[in-house]
Amino acid sequence: MLTVSPHAYEITSPDQLGEIPPGVVVERAFGLDTSRHLAIRGKYLHWMAQPDRWVSWWPAAVWTGMKMIRKYQPQAIMSTFPIATAHRIGLSLQKRSGLPWVADFRDSMTEQGYPRDPLTWRVHRRLEEEAVRHCAKAVFTTVPTRDMYAERYPEIAADRWTVIENGFDEENFRDAENGLSQAPLGQDGQLTLVHSGVLYPKERDPRPFFAAISQLKNAGKIDGKSLRIVLRATGSDGLYKPMLDELRIDDIVHLEPVVPYREALQEMLRADALLLFQGSVCNHQVPAKIYEYYRAGKPILALADPAGISAQMLRDVGVRDIADIADQSAIATTLENMLDAMRRKARSGVAREAAALNSRKSRTAELARLLDQFIK
C-alpha cells in the first residue's frame, strides 16, 4: 500500500489503523498540502494545486511506487479517487511498469460544471481521458456514473467499466454498539439530528437548509429547547459560523469538531435522526455515509435533488422525508412534518434486512473477484 506522509493531512487519527492487517506493507511517500505548506500569507498560485492540493506527492510517490514494484512484484496496480493526484500516480506507474491498472474512480471526476473552477475542470478532464485509455478497469460506485462514462467514451470497450458500490463495516458498528449509552443525545423533550462528515459548500450547499431553520424558528415552530442539529466535522466551520450567527439559529444548529470514528458512529446510533446533503451537481453520486445511515437504523432527512441517484436509493428503502436541497420552502415543510411524525413515533429507520445487503464484506468480495482477473 502506497500513501502520503502524515504531515500532508490537516488532521490525523490513529483509531482505524488497527484495521490494517499485520502483513500489509505500507509505504509513505513525501507530500505537502499546497494550501498549508506552500502558501504565503494564506495565498498560493492556482497552478500549484492542480490537479489538487497534494500534487507535490506525485514525484516521490512514483519513485517509491516503482521501488515497491521492483521489490514486491505485484500483478496489478490500483489507485483511488477522489484525490486526483492518486490517479496521476497510478497512471505514471502503469506507463513505467506496464502492469494492469485498476482506476477506482468511485464518483465522476468531471461533469458539466463540475469542478466549477475552469482550470481544475480542464486538468481533471485531461487526466480522466488518459486514465480511461490506460487503465485495465475503471470502477465506479453507481450505475448512472458508469453509464455516463460509457457514453462519454464510446470508443472504450464495454467490459472496461464496472460498478462496486460503497458499503458499511459491520464490525465497526458492532464495536461502536459495545458499551453504547442508551441515553438520547438531546435533553428531555429535545430531538437531535446529526450530519456526520464533510459538508462541501458547493456540492452540499447548506444555505437553503439554514434559511429553512430560520423560517421555522421565526414562525415559532422550533427552538433550541425542542431541536438540536449537530453538524459534525463539516470542514468549513469558518464559513458556516457567520451564517448561523446572522440568521440567529446558532442555538439550534451546532458546529462540532472531528471525533474518532467509533465516537462518530456512536453519535449516529444515539441520534433521533440523521441528515444527508447531496446537491444536483452530484446526481450520479451517492455519499458513502448513506450506507452507514442505513445500518444506523435511524430516520433520515435527505436534502437532495429528487432526480438524483441518492434520492432514488432512499426512496427504494422506504425513506419518506426527502426535500430538494435547493428549495428552502420544501425543506421547511419536510422538516416540520418529519419532526411532528417523530414525536408521534411515526418514523423509523431503514430495515436491518435492507441495510445488510450493503455491507463492505460483500463489496470486498466483489473487488477480490475483479482483482483475481489479473492473477497469472
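A salt bridge is defined here as a side-chain nitrogen of Lys or Arg within 4 Å of a carboxyl oxygen of Asp or Glu. The structure is a predicted model, in which local features need pLDDT of at least 70 and side-chain atom pairs count only at pLDDT 80 or more, while totals for chains, interfaces and linings use all residues. Residues are numbered from 1 along each chain as its sequence is written, and side-chain values use heavy atoms, with hydrogens and water left out.

A search of the whole structure yields 21 salt bridges. Side chains of opposite charge can pair when their charged atoms come close. One salt bridge joins the side chains of Arg-53 and Asp-33, with an N to O distance of 2.6 Å. This pair links distant parts of the chain, 20 residues apart: Arg-53 is in the loop between helix H1 (34–37) and helix H2 (57–72), and Asp-33 is in the loop between strand E2 (27–29) and H1. Helices (H or I, at least four residues) and strands (E, at least two) are DSSP runs, numbered from the N terminus. Burial is classed by relative accessible area: buried is under 20%, exposed is over 50%, and partly exposed lies in between (1.4 Å probe, protein chains only). On this scale Asp-33 is buried, at 0%, whereas Arg-53 is partly exposed, at 28%.

A salt bridge is also formed by Lys-217 and Asp-251, whose closest N and O atoms are 3.0 Å apart. Lys-217 belongs to helix H7 (residues 207–218) and Asp-251 to the loop between helix H8 (237–247) and strand E9 (253–256), so the pair ties together parts that are 34 residues apart in sequence. Lys-217 is partly exposed, with a relative accessible area of 25%, and Asp-251 is partly exposed at 34%.

In the salt bridge between Glu-336 and Lys-221, the closest N and O atoms are 3.2 Å apart. Because Glu-336 lies in helix H12 (residues 328–343) and Lys-221 in the loop between H7 and strand E8 (227–232), this pair ties together parts that are 115 residues apart in sequence. Glu-336 is partly exposed at 32%, as is Lys-221 at 44%. Elsewhere, Glu-170, Arg-174, Glu-177 and Arg-295 are linked in a network of salt bridges.

Surface patches were assembled from residues with over 30% relative accessible area and no salt bridge, joining like charges within 9 Å and nonpolar side chains (Val, Leu, Ile, Met, Phe, Trp, Tyr) within 5 Å. A patch of negative charge consists of Asp-15, Glu-19, Glu-171 and Glu-263. Glu-263 is located in helix H9 (residues 261–270) and is partly exposed, at 42%. A nonpolar patch is formed by Met-1, Leu-17, Ile-20, Val-24 and Val-26, which together have about 390 Å² of accessible area. Val-26 is in the loop between strand E1 (2–4) and E2 and is partly exposed, at 33% relative accessibility.

With a disulfide taken as a pair of cysteine sulfur atoms within 2.5 Å, the count is 0 disulfides. Cys-135 is buried at 3% relative accessibility, and Cys-282 is buried at 4%.

Leu-367 is found in helix H14 (residues 360–372) and is partly exposed, with a relative accessible area of 26%. Its C-alpha atom is separated by 46 Å from that of Gly-189, the two residues being 178 residues apart along the chain.

Notes
Areas by Shrake-Rupley, 256 points an atom, 1.4 Å probe, with all protein chains shown as cover. Lys, Arg positive; Asp, Glu negative; His and termini not counted. Charge placed at Lys NZ, Arg CZ, Asp CG, Glu CD.
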